[in-house]
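Got the viewer open and a cursor ready? Let's take a walk through this one, stop by stop.

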Amino acid sequence: MYDFREWRHVFKLDPNKELSDERLETICESGTDAIIVGGTDGITLEKVLDLMARIRRFSVPCVLEVSSIDTVTPGFDLYFIPTILNSSDTKWITGLHHEAVKEFGAVMDWEEIVMEGYCILNEDCKAAKLTNANTNLTNDEVIAYAVMAEKMFQLPIFYLEYSGKYGDVELVENVKKSLEKTVLFYGGGISTIEQAKEMTKHADVIVVGNAIYENFELALETVKMDPRIAKIEK
Ligand SMILES: CC(C)=CCC/C(C)=C/CC/C(C)=C/CC/C(C)=C/CC/C(C)=C/CC/C(C)=C/CC/C(C)=C/COP(=O)(O)OP(=O)(O)O
Ligand SMILES: O=P(O)(O)OC[C@@H](O)CO
Ligand SMILES: [Mg+2]
């Protein structure tokens, strides 16, 4: 299923982190809607290619979330391109994107490319530091970014990013209410099925990343928040 509008749950795998073949198979066959390959630091083309080849043994949709121009490679089902709406450096909003389109424009298949408007809210996460994101935002300011993503820029995805920290459920609920068409991704600190269920009530898609590397069994359980999968398991 390559239509991210239908997704509810995805795992984000970091090419810079170790995962055994057995665990990778369990993740890919878990019933999750897709695997996103992405991370902030230590990402090399070699590591991306290796992880892509290992995921490709399974039928789950496989997405590259592009974090640098040097690590883009053909072979993924979709390419998610972050633009950090609350970055204070234009490089992370349109700068690198401009360079990439200059370099790859002629070979880019726009049907496979999906823009993500990020709002990063955990000041301590690597992505916030790298992009110099202004995380000191009121709820109204976050909502304004969501509305800009949808109404001004017509971005298909708005991504509330708390990487490494469980976020503010009420804010996620209010952001969701402010969106009509743009799909709301929530990622950050989901490590139990209870948290997965709580965020799923509001976000369209929840993203589980670090928990895979920290408590594999609990991370795996987060898939079961999806009634489609829970039903199969009953
Ligand atoms: C033939 C061919 C090569 C086809 C492909 C064509 C194609 C798709 C070309 C790409 C074109 C393009 C426009 C590329 C974009 C260029 C680019 C580098 C944009 C910038 C992206 C960006 C803003 C990156 C910043 C880092 C970031 C926000 C990454 C997102 C992932 C994220 C938030 C991870 C969370 O952090 P994590 O690493 O998990 O943290 P921990 O390690 O602490 O867990
Ligand atoms: O790693 P965690 O905290 O689960 O966050 C998931 C994802 O949003 C990271 O980009
Ligand atoms: Mg991570």
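Before the stops, one term: a polar contact here is a pair of N or O atoms within 3.5 Å. Keep in mind, too, that what you have on screen is a predicted model.

**Stop one: ligand 2**

Select ligand 2 and show what surrounds it. You'll find Lys12, Tyr159, Glu161, Ser163 and Gly164, then Gly187, Gly188 and Gly189, and finally Val207, Val208, Gly209 and Asn210.

Now zoom in on Gly189: a polar atom of the Gly189 backbone sits 2.8 Å from an oxygen atom of ligand 2. Side chains join in as well. Click on Lys12, where a polar side-chain atom lies 2.7 Å from an oxygen atom of the ligand. Then try Glu161, which has a polar side-chain atom 2.5 Å from an oxygen atom of ligand 2.

**Stop two: ligand 1**

Keep Glu161 selected and bring up ligand 1. How many residues surround ligand 1? There are 30, and the closest are Thr40, Glu65, Lys126, Glu161 and Asn210. You have already met Glu161 and Asn210 around ligand 2.

Pick Thr40 next: a backbone N or O atom of Thr40 is 2.7 Å from an oxygen atom of ligand 1. For Lys126, look at the side chain, where an N or O atom lies 2.9 Å from an oxygen atom of ligand 1. Asn210 also reaches ligand 1 through its side chain, with a polar atom 2.8 Å from a ligand oxygen.

**Stop three: helix 1 and helix 2**

Leave the ligands and select residues 21-28, which are helix 1, along with residues 45-55, which are helix 2. Their axes are 10 Å apart and the angle between them is about 60°. That makes helix 1 oblique to helix 2. The crossing is right-handed.

Show the side chains where they meet: Asp21, Leu24 and Cys28 come from helix 1, while helix 2 brings Leu51, Arg54 and Ile55. Sorted by class, this contact has four nonpolar and two charged residues, with no polar ones.

**Last stop: helix 5 and helix 6**

Now go to residues 139-152 for helix 5 and residues 169-178 for helix 6. Here the packing angle is about 35°, with the axes 9 Å apart. Which way does helix 5 cross helix 6? The crossing is right-handed.

On the helix 5 side, highlight Asn139, Val142, Ile143, Ala146 and Val147; on the helix 6 side, Leu171, Asn174, Val175 and Ser178. Colour them by class and you get six nonpolar, three polar and no charged residues.

Definitions and conventions. Residues numbered from 1 in each chain as written. Chains lettered and ligands numbered in written order. Predicted model: local features only at pLDDT ≥ 70, side-chain atom pairs only at ≥ 80, totals over all residues. Heavy atoms only, no water. Axes fitted to C-alpha atoms, helices over the stretch in contact; angles between N-to-C directions. Helix = DSSP H or I, 4+ residues; strand = E, 2+ residues; numbered from the N terminus. Parallel < 35°, antiparallel > 145°, perpendicular 65-115°, else oblique. Left-handed = near helix turned anticlockwise from the far one by under 90°. Contact = heavy atoms within 4.5 Å. Nonpolar A, V, L, I, M, F, W, Y, C, P; charged D, E, K, R; others polar. Near = heavy atom within 4 Å. Polar contact = N/O pair within 3.5 Å; in protein donor to acceptor, adjacent residues only side chain to side chain.
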